[in-house]
Amino acid sequence: MKILIAIDGSEYSNAAVDECCRMVLRPADAEVMIVSAYENAYPMAAEPFAISADYYQQLDDAVREQSNGFLESARNQITSHFPEANFPLNTEVLRGSPAQQIVEKAEEWGADVIVVGSHGRGFWGRLLGSVSNAVVHHAPCSVLVVRKPR
């Protein structure tokens, strides 16, 4: 089974990784890809102020580094659940609209299931996470949306 786990470093995505390990992941027949997607985090500049291209690059590098940290943490979370297992476990940072990137990666990779948290780093702490909602409605496969335990 090909399992794509989408994370954002939040407690909700950590709960999704744990639930995936508990309910879905069977190392004997699993292939896992963990992804973390981010949009360009460019601040809005107003005239007459200008922000240098170097600043934008530093900001992009910092966000990419943070995403890589999230991926490493999730990889460690999974390997601690299955210390003896030897199954393909890949990670990838995706750049662009998170929901769109997750759906496109799942389709490109041929995922059987996508696992996401129900909330995350969304604006205003929505009742329904916008990324998980979009993934549910556009995914080419089944989606497991995990709520953080109370």
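A residue is called buried here when its relative accessible area is under 20%. Keep that cut-off in mind as we walk through this predicted model, beginning with a glutamine. Gln77 sits in helix α2, which covers residues 53-81. Its relative accessible area is 14%, so Gln77 counts as buried. What does Gln77 touch, leaving aside its neighbours within four places in sequence? The contacts of Gln77 are Asn14, Val17 and Asp18.

Those numbers take us to helix α1, which spans residues 11-24. Together with the strands β1 and β2, helix α1 forms a β-α-β unit, and the unit is right-handed. The two strands of that unit, β1 and β2, run parallel and are joined by six bridges. To find the pairing by eye, start at Lys2, whose bridge partner in β2 is Glu31.

Strand β1 also pairs with β4, again in the parallel sense, here over three bridges. A handy landmark for this pairing is Ile5, with Val115 as its bridge partner in β4. Is β1 enclosed or open? Five of its six residues are buried, so β1 is largely enclosed by the rest of the structure.

Now for the cysteines. How many disulfides does a search of the whole structure find? The search finds zero. Cys20 is in no disulfide, and the nearest cysteine sulfur to its own belongs to Cys21, 5.7 Å away. Cys21 is likewise in no disulfide, its nearest cysteine sulfur being that of Cys20. A disulfide needs the two sulfur atoms to lie within 2.5 Å, so a separation of 5.7 Å does not qualify. Cys20 has 0% relative accessibility and therefore counts as buried. Cys21, with a relative accessible area of 5%, is buried as well.

Let us finish with helix α3, residues 98-109. At 1.5 Å a residue, its 12 residues should span 16 Å, and the end C-alpha atoms are indeed 16 Å apart, so expectation and model agree. The buried residues of α3 are Pro98, Ala99, Gln101, Ile102, Val103, Lys105, Ala106 and Trp109. In general, an α-helix has 3.6 residues a turn, so residues three or four places apart point the same way. What covers the buried residues of α3? The cover includes the strands β1, β2, β3 (89-95) and β4 (113-117), along with helix α4 (130-138). Just after α3 comes Gly110, which has a positive phi, near 80°.

Notes: Residues are numbered from 1 along each chain as its sequence is written. This is a predicted model: local features need pLDDT of at least 70, side-chain atom pairs count only at pLDDT 80 or more; totals for chains, interfaces and linings use all residues. Side-chain values use heavy atoms; hydrogens and water are left out. Helices (H or I, at least four residues) and strands (E, at least two) are DSSP runs, numbered from the N terminus. The expected span of a helix is 1.5 Å times one less than its number of residues. Buried means under 20% relative accessible area, exposed over 50%, partly exposed in between (1.4 Å probe, protein chains only). Contact means heavy atoms within 4.5 Å. Two strands pair if DSSP finds at least two bridges between them. A crossover is right-handed if, with the strands pointing away from the viewer, the path from the first strand over the helix to the second runs clockwise.
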